[in-house]
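Got the model open in your viewer? Let's take a walk through a few spots in it, one at a time.

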Amino acid sequence: MTTSARARLVSLLLAFACAPAGGEDDGLDRHPALGACPEDMSDAPSDPFADCVDEFVPMGGGWGEESFPAIVLGAPEAGENGNAGLDVLSLGCGGQITLWFAGDGVVDGPGPDLLVFENPFTVGDGTFAEPARVLVSDDGVDWRAFACDPAGDDLLRGCAGVALVRANSGNGLDPTDLAEAGGDAFDLAEVGLARARYVRLIDVGDEYDPSGQWCSGRSGGFDLDALAAVHAP
């Protein structure tokens, strides 16, 4: 068994053990955060982006691992005309990653509070997407999931990896401005949280496209560019 497969098995066992008692198990991986990120990060940059990777469980993929973890901790790096930036980390189909925000984290304010940047690109009149579910938690134990139906007909509403990314470090667009930045927006009020310090992304490529044709190779699965908190604390 490979290291990534073993880690995935441990995650699934933890998820089963931590399924809500007396409630319906929705099948999502809600195992507790590992606690790999130190509480004292006074030297963390004062910016709206994620500060630390708590856990990374790839299932194939591999693109961007040579620059991990820095590649997912900074500002988004959109490609030309918002298409398919290459400054991303590929999770592989079924892979997942959990990131942590220092300080006050992602706080609930007016409208959306969190932006997730992937690297979709236009194909004709549509968009090529490799979606992921988004879960958030304040304490790393109580996880709240945004509704995402990758097998439905609602244009992947509620999933990440859908909207084109516009902002990058060189074009002057504000990566926290919903009108400028692009990316997929999430409102903590929808899941009943006032703050989230952890964000977990779980690739759902197999559910979205059961053929698996986009799962092979180093760029298979959801490709994470960056996370940004919209509201300053």
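What follows is a tour of a small sheet, a cavity and a loop residue, all in a predicted model.

Start with the sheet. Three strands make it up, and the order across it is 10-5-14, with antiparallel pairing in an open sheet. Strand 10 (184–186) and strand 14 (226–229) sit at the edges, and each has a single partner strand, so one side of each has no neighbour in the sheet. If you look from one strand to the next, the twist averages 20 degrees.

Now zoom in on strand 5, which covers residues 114–117. How many bridges link strand 5 to strand 14? There are 4, and the two strands run antiparallel. To find one of these contacts on screen, pick Phe117 in strand 5 and look across to Ala226, its bridge partner in strand 14. Turn to strand 10, and strand 5 pairs with it in the antiparallel sense too, over 3 bridges. Here, Val116 is a handy marker, since its bridge partner in strand 10 is Asp184.

And which way do the side chains of strand 5 go? Leu114 and Val116 point one way, while Leu115 and Phe117 point the other way. Are these residues buried or exposed? All of them are buried, meaning under 20% relative accessible area.

Next, the empty space. Rolling a probe the size of a water molecule over the atoms shows where empty space is left. For cavities of 30 Å³ or more, the count here comes to 1. The largest cavity has a volume of about 30 Å³. Which residues line it? The lining includes Glu77, Ala78 and Gly79, then Gly82, Asn83, Ala84 and Gly85. Glu118, Asn119 and Pro120 also line the cavity, as do Leu164 and Val165. Sorted by class, that lining has 5 nonpolar, 5 polar and 2 charged residues.

Last stop: Ser46. You'll find Ser46 in the loop that runs between helix 1 (3–17) and strand 1 (52–57). Why call Ser46 exposed? Because its relative accessible area is 82%, and the cut-off for exposed is over 50%. Before you leave, put a distance line from Ser46 to Ala102: the two are 56 residues apart in sequence, yet 9.3 Å apart in space, C-alpha to C-alpha.

How values were computed:
Residues numbered from 1 in each chain as written. Predicted model: local features only at pLDDT ≥ 70, side-chain atom pairs only at ≥ 80, totals over all residues. Heavy atoms only, no water. Buried < 20%, exposed > 50% of the residue type's maximum accessible area, 1.4 Å probe, protein only. 1 Å grid on protein atoms, 1.4 Å probe; cavity = no way out; pocket = protein on both sides within 12 Å on 5 of 7 lines; lining within 4 Å. Points joined across faces, edges and corners; volume = space filled by probe spheres on them. Nonpolar A, V, L, I, M, F, W, Y, C, P; charged D, E, K, R; others polar. Pairing = 2+ DSSP bridges. Axes fitted to C-alpha atoms, helices over the stretch in contact; angles between N-to-C directions.
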